[in-house]
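Got the viewer open? Let's walk through this one stop by stop, selecting as we go.

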Amino acid sequence: MIIAEFNESIKLAYDSIKSNKLRSFLAALGVVIGISFVILMGWVLQGLDKTMEDSINLMGQDMIYLDKWDWAGGHTNKKVDQRKDISYSQAKELSKRMTQSVMAFPQAWKWNNQIKYKNEKFSGLIVQGTTYENGLIPEGTVTDGRFFTQMDDQFGSKVVVLGSKAKETIFPNEDAIGKTIDVNGHKLLVIGVVKKQGTMMMDFVDTKVYIPLSAFLQIYNDQRRRSFTVVMKAGDQTNLDNVREEAKGLMREIRNLKPGEDEDFSLNETKNFQAFVDNLRIYVWGVGIGMTILSFIVGIIGIMNIMFVSVAERTKEIGIRKAIGAKNRSILMQFIVESAFLCFVGAMMAYIICSIFIFALATILPKFVPQTSFLSPVMPYEFLIIASVVSIFVGILAGFIPALRAAKLDPVDALRYE
Amino acid sequence: MDKSNTIIDIGNISKVYEMGGEPVYAIRDISLEIKKNEYLAIMGPSGSGKSTLMNILGCLDTPTTGRYFFKGNDINDMTDNDLAEIRNREIGFVFQTFNLLPRSSALKNVELPLIYSGMKKSERDEIARNTLIDVGLADRISHKPNELSGGQRQRVAVARALVTSPSIILADEPTGNLDSKTGVEIMHLFYELWKKGNTIILVTHEEEIALHANRIIRLRDGLVERDEINHHQRIE
């Protein structure tokens with residue numbers, strides 16, 4: 001019995017929107033915008049989660065990077081800036097003395113290098129001086145050729161392993177292995193290419209070129225300040241605490257810190273990435289929620305207003321329906337359904353608009369801003385369910401008071417209304 | 001007294017409105033008994049209270065004082081919902097201005113009371129169709145009101161009133177918006193319905209229309225002036 005009335009209400013709502021297209025659209029605009037915010041926010045957050053997962057998988061969940069810098073930005077920049085660089089000997093000493101980790105090795109970077117191949121110059125690539133052990137962690141997995149060996153390390157071989165993007169940049173259409181490139185005036189032989197691993201936060205890894213640390217020290221033997229990183233692999237996540245504690249203790253000793261003095265280095269782990277993403281997440285939520293709430297308030301007012309108009313316009317119809325036996329709750333339902341349906345249609349419009357927008361944005365934007373490559377061009381279908389539920393809820397909320405007014409109309413007065 | 005045939009039984013009902021702090025009686029102390037298969041006309045000039053009386057008889061409104069029994073049930077004890085159910089099942093309204101839903105087809109209009117009574121789609125579709133055929137609109141079933149003539153619209157309204165097989169049909173100036181020829185056709189339709197055993201209450205200010213009934217109640221200033229059997233019933 002209620003189903004028959006409900007079906008009737010849906011049809012009426014559909015007719016009502018169809019015969020007042022522009023008016024309905026304008027009334028639902030607030031809801032369209034509100035739902036769009038919810039969808040876009042969810043989409044960005046989902047992209048971030050995906051990216052973080054990828055990054056963690058890429059780094060391996062058992063990695064600790066002892067560095068002068070705090071990767072998640074947990075400490076104020078000023079304080080971090082005042083830290084002393086970690087010298088090569090400090091890094092080497094720590095690497096040697098570590099017993100809890102499966103491997104520990106020093107690393108150094110040089111940003112913005114000029115690399116030459118034949119007569120072409122390439123800038124924006126990162127030279128990473130590292131040891132053969134880098135080839136044993138996920139970051140150093142080669143797809144082509146090989147990573148350098150302990151021998152290369154020892155003798156400071158002039159060899160280089162390219163990140164996938166570095167390879168594409170220097171050798172877009174040819175095989176890189178066996179070619180010689182010029183790094184800071186030194187000729188290096190390409191012996192391998194690392195697999196592509198770029199995600200939002202880690203996409204710089206693809207622009208890296210890896211050379212033995214011993215060669216790195218020769219090539220960049222200027223006395224400019226440089227801070228080294230110690231890469232440690234715990235082997236197992238349960239071993240992370242041991243490695244962390246040992247590294248912390250040893251480094252404090254190496255750096256001559258007094259008991260109670262703050263550490264002047266940071267132990268970066270994959271969970272620091274989590275913290276970074278969590279910060280970003282709060283940021284997105286903060287902005288998104290505020291705007292969403294605001295547009296929903298506007299949306300509710302818009303819908304409520306148009307429902308009051310609709311009730312007033314159809315006073316006579318309400319009178320007729322009551323005269324032939326519509327109960328108050330039938331009238332109440334009719335208008336709530338109409339309001340919910342209007343919002344639902346608005347939500348579907350928002351879903352379609354956002355789908356197109358997302359597809360366009362995720363296809364075009366990463367070509368100009370590579371950092372946005374984490375955005376997925378496909379709208380997750382869960383958002384369809386969320387949008388439907390939220391819009392129907394908003395519709396019921398907005399339609400309730402006008403519907404109540406309609407339901408409480410006196411049939412005699414309503415019939416007399418012209 | 002045998003009450004088994006009584007549909008409406010009202011006693012000493014009044015409807016009072018406040019106007020500028022003064023009580024104004026729309027109707028005062030009206031008592032009536034309407035039996036099955038009566039054809040009753042309520043007559044009176046405007047302001048005589050006939051609309052108020054019709055609204056009360058039709059359970060659209062409730063009296064300020066007095067008793068009203070509909071088929072033995074006390075209307076004063078009823079909630080809005082109960083009244084809606086009585087209107088749905090027991091009373092069929094026919095209005096002067098037809099009061100059809102403009103965007104719905106004739107069939108949809110006639111089906112509406114059955115939707116509110118909770119009937120299944122297949123069933124109500126068939127009953128609504130048959131009722132439209134009964135009032136002579138077999139070829140106008142899916143037309144919308146604006147595609148129909150005044151007489152046809154009123155026939156749709158009559159079909160809508162009949163579709164739930166109500167105990168009484170309450171017609172408020174049913175020919176008021178029709179030309180005289182069409183009016184005669186509608187009065188003929190009412191006559192046939194009465195002959196089939198329906199109970200009809202006709203509210204009108206036109207003597208000629210009232211003469212179609214077999215009992216005429218004349219109201220003046222909210223009071224019953226005369227309540228008499230019509231010995232000169234007109235048959236169209």
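Which domains does the domain assignment of chain A give? Color 2-55 together with 274-416 for domain 1, and 84-264 for domain 2; the bounds come from an automatic or database domain assignment. Drop a marker on each C-alpha centre and you'll find the two domains of chain A 52 Å apart.

Before going on, some housekeeping. This is a predicted model, where local features need pLDDT of at least 70 and side-chain atom pairs count only at pLDDT 80 or more, while totals for chains, interfaces and linings use all residues. Residues are numbered from 1 along each chain as its sequence is written, chains are lettered from A and ligands numbered from 1 in the order in which they are written, and side-chain values use heavy atoms, with hydrogens and water left out.

**Stop one: where the chains meet**

Show both chains and pick out the contacts (heavy atoms within 4.5 Å): 26 residues of chain A touch 24 residues of chain B. About 2200 Å² is buried between the chains, 58% of it on carbon and sulfur atoms; that is the accessible area (1.4 Å probe) lost on putting the two parts together, summed over both.

Now select I320(A), I324(A) and K327(A), which lose the most area to chain B on the chain A side, together 26% of what that side buries. Stay on K327(A) and look across to E85(B): the two form a salt bridge, with the closest N and O atoms 2.8 Å apart. The count between these chains is one salt bridge, meaning a side-chain nitrogen of Lys or Arg within 4 Å of a carboxyl oxygen of Asp or Glu.

Next, highlight α1 (2-19), α10 (315-323), α11 (328-368) and α13 (411-416) of chain A, each supplying at least two residues of the side that touches chain B. The largest share, seven residues, comes from α1(A). Helices (H or I, at least four residues) and strands (E, at least two) are DSSP runs, numbered from the N terminus.

**Stop two: a sheet in chain B**

Switch to chain B and trace β6-β7-β8-β3-β9-β10, an open sheet of six strands with mixed pairing; two strands pair if DSSP finds at least two bridges between them. β6 (91-94) and β10 (223-229) of chain B are the edges, each with a single partner strand, so one side of each has no neighbour in the sheet.

Zoom in on β3 (39-43) and β8 (199-204) of chain B, parallel over five bridges. Click L40(B) and you'll find its bridge partner in β8(B), I201(B).
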